[in-house]
Amino acid sequence: MKQGSIFRQLLVPVLLIVCILAAALVSVMTAMFISSYEKDIYEKEQGQSELMAGQISTFLDGAYSVTEGLAVNPSILTMRTDVQTPILADCVARNTYLELLYIQGTDGMQTGRSSGELADRSTRWWFTQVMNEQKAFVSKSYYSVNTGMPCASIFFPCMMPAISLAYLLWI
């Protein structure tokens with residue numbers, strides 16, 4: 001009888017130790033799997049992020065080149081609405097990712113626009129920045145007032161002898 005009693009007394013602690021060891025092993029294996037899985041996901045997302053950043057950079061470089069080409073176009077530099085407007089409208093038609101192109105004089109009044117009515121933009125932050133710094137820049141992304149879609153703008157000053165013009169591109 002004593003032998004059965006000792007077996008029963010040892011059985012419960014041994015089973016308890018085995019269960020604790022099994023639970024610890026499962027916990028350690030789960031933690032290792034999760035860590036490995038998180039690392040794998042991070043590496044894949046890193047690669048996708050780098051690819052997307054490269055594509056965005058290439059896209060913006062192309063849009064910047066379009067803007068730069070217009071900024072030195074002699075017809076654009078005439079500051080004549082009847083000359084500028086068809087060129088800007090054609091440029092938007094050929095580059096469907098562009099939403100709006102327009103040219104402004106140093107007074108902030110638009111002189112040419114790919115679509116819509118000419119307006120005074122002399123109080124806008126970007127106009128002031130272009131006029132003060134006299135260098136091109138790309139805005140942070142924001143939502144377009146016209147379409148509600150995410151966009152960014154490229155602001156490029158057009159330089160003529162004795163006249164500085166703010167040229168604005170909305171994409």
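Here are two short exercises on the structure above, each with a worked solution.

The model is predicted: local features need pLDDT of at least 70, side-chain atom pairs count only at pLDDT 80 or more, and totals for chains, interfaces and linings use all residues. Residues are numbered from 1 along each chain as its sequence is written, and side-chain values use heavy atoms, leaving out hydrogens and water.

**Exercise 1.** Work out whether the protein chain is spread out or a compact globule.

*Solution.* Start with the elements: the protein chain has 3 helices and 7 strands (DSSP runs, H or I of at least four residues for helices, E of at least two for strands). Next, its radius of gyration is 32 Å, well over the 16 Å of the globule rule for 171 residues, so the chain is more spread out than a compact globule. Both terms need care: the radius is taken over C-alpha atoms, and the rule is 2.2 Å times the number of residues to the power 0.38. Finally, look at the box filled by the C-alpha atoms, roughly 115 × 30 × 30 Å along the principal axes.

**Exercise 2.** Describe the salt bridge between Asp90 and Arg94.

*Solution.* Recall the criterion: a side-chain nitrogen of Lys or Arg within 4 Å of a carboxyl oxygen of Asp or Glu. Here the N to O distance is 2.8 Å. Then place the pair: both belong to helix α2 (residues 81-94), and because they are 4 residues apart, about one helical turn separates them. Last, check accessibility (buried under 20% relative accessible area, exposed over 50%, partly exposed in between; 1.4 Å probe, protein chains only). Asp90 is partly exposed at 40%, while Arg94 is exposed at 58%.
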